[in-house]
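Open the model in a viewer and keep a selection box at hand. The stops below each say what to select and what is found there.

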Amino acid sequence: MTDSPKIKLATAWMDGCSGCHMSFLDIDERIITLAGLVDVVYSPLIDIKEFPEHVDVTIVEGAVSTDEDIVRIKRIRKATKLLIALGDCAVTGNVTSMRNPFGIDGIMDRAYDENATIQKQRPSAHLPVLLDRVCPLHEIVKVDVHVPGCPPPADAIWAVVTELLAGRTPDVAALTRFGR
Ligand code: SF4
């Protein structure tokens with residue numbers, strides 16, 4: 001008799017502060033239990049450069065703010081059965097979308113001209129192109145589960161992930177809330 005294959009889990013970091021990944025790591029010793037249930041096939045926490053094919057669950061932190069982000073999230077969606085938007089940036093845009101009312105010229109002028117004391121110039125080479133507005137994941141791809149919070153508490157992340165891995169639908173609203 002052979003063991004059933006482990007679930008393939010990925011995590012991805014779009015435009016966010018990494019606080020949601022830090023909260024994920026705050027599950028502490030439960031990560032050993034998780035390691036018994038899943039194979040982590042892609043994540044900023046491990047050294048794999050290319051997003052693989054046939055991923056069962058991907059947890060995505062952060063919003064979409066560049067042309068590169070759009071390519072990445074579409075690639076992730078195509079290869080993933082179940083996509084979780086983790087945290088307020090992924091769910092609503094949150095902090096990352098605070099630039100939206102000012103426009104790209106407004107924030108560039110503020111950062112690289114008004115607030116610069118020397119070498120006033122915008123970065124131009126080898127950088128992703130900023131979108132006119134930052135948007136949450138669901139505006140670009142289908143999201144299966146939204147987990148709000150800034151960041152969502154580790155206990156909530158643990159409950160959501162383990163419920164999903166068990167084939168059940170987590171009651172996310174009972175676990176976490178926006179801005180928490
Ligand atoms: Fe950081 Fe909060 Fe955004 Fe998570 S939701 S990436 S903790 S700002």
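**Salt bridges**

A search of the whole structure finds 13 salt bridges. The coordinates belong to a predicted model.

Begin with arginine 122 and aspartate 105, whose side chains meet in a salt bridge at 3.1 Å, N to O. Aspartate 105 sits in helix α5 (103-114) and arginine 122 in the loop between α5 and β6 (130-135), so this salt bridge ties together parts that are 17 residues apart in sequence. With a relative accessible area of 38%, arginine 122 is partly exposed.

Keep helix α5 on screen and select glutamate 114 together with arginine 110. These two residues form a salt bridge, and their closest N and O atoms are 2.9 Å apart. Both partners lie in helix α5, 4 residues apart, which is about one turn of the helix. Arginine 110 is partly exposed, at 47% relative accessible area.

Next, select Arg77, Lys142 and Asp144, which are linked in a network of salt bridges. Within this network, the side chains of lysine 142 and aspartate 144 meet at 2.5 Å, N to O. How exposed is each of the two, lysine 142 and aspartate 144? Lysine 142 has a relative accessible area of 57% and is exposed, because the cut-off for that class is over 50%. Aspartate 144, at 29%, is partly exposed.

**The loop after α5**

Go back to the loop between α5 and β6 and select proline 128, which has its place there. Its relative accessible area is 33%, so proline 128 is partly exposed. Add valine 95 to the selection and draw a C-alpha to C-alpha distance: proline 128 and valine 95 are 19 Å apart in space and 33 residues apart in sequence.

**The aromatic pair**

How many aromatic pairs does the structure hold? There is 1. Select tyrosine 42 and phenylalanine 51 to display this pair, which is edge-to-face, with 5.0 Å centre to centre and 65° between the planes. The term edge-to-face applies because the angle is over 60 degrees. Is tyrosine 42 buried or exposed? Tyrosine 42 is buried, with a relative accessible area of 13%. Phenylalanine 51 also counts as buried, at 8% relative accessibility.

**The nonpolar patch**

Switch to a surface view and colour Met22, Leu25, Ile31, Ile32, Val40, Leu45, Ile46 and Ile48. These residues form a nonpolar patch on the surface, with about 640 Å² of accessible area together. Helices α1 (19-25) and α2 (30-37) each supply at least two residues of the patch. One of the patch members, isoleucine 32, has its place in helix α2. Isoleucine 32 counts as exposed, at 64% relative accessibility.

**The ligand shell**

For the last stop, centre the view on the ligand. Which residues surround the ligand? The shell consists of Gly16, Cys17, Gly19, Cys20, Glu61, Gly87, Asp88, Cys89, Asn94, Gly149, Cys150 and Pro151. Helices α1 and α4 (88-92) are the elements that give two or more residues to this shell. Colour the shell by class to show 5 nonpolar, 5 polar and 2 charged residues. Helix α1 therefore appears at two stops of this tour, as a supplier of the nonpolar patch and as a contributor to the shell around the ligand.

How values were computed:
Residues numbered from 1 in each chain as written. Predicted model: local features only at pLDDT ≥ 70, side-chain atom pairs only at ≥ 80, totals over all residues. Heavy atoms only, no water. Patch = residues over 30% accessible without salt bridge, like charges linked within 9 Å, V, L, I, M, F, W, Y side chains within 5 Å. Areas by Shrake-Rupley, 256 points an atom, 1.4 Å probe, with all protein chains shown as cover. Salt bridge = Lys/Arg side-chain N within 4 Å of Asp/Glu carboxyl O. Buried < 20%, exposed > 50% of the residue type's maximum accessible area, 1.4 Å probe, protein only. Near = heavy atom within 4 Å. Nonpolar A, V, L, I, M, F, W, Y, C, P; charged D, E, K, R; others polar. Phe/Tyr/Trp six-rings, centres within 6.5 Å; stacked < 30°, edge-to-face > 60°.
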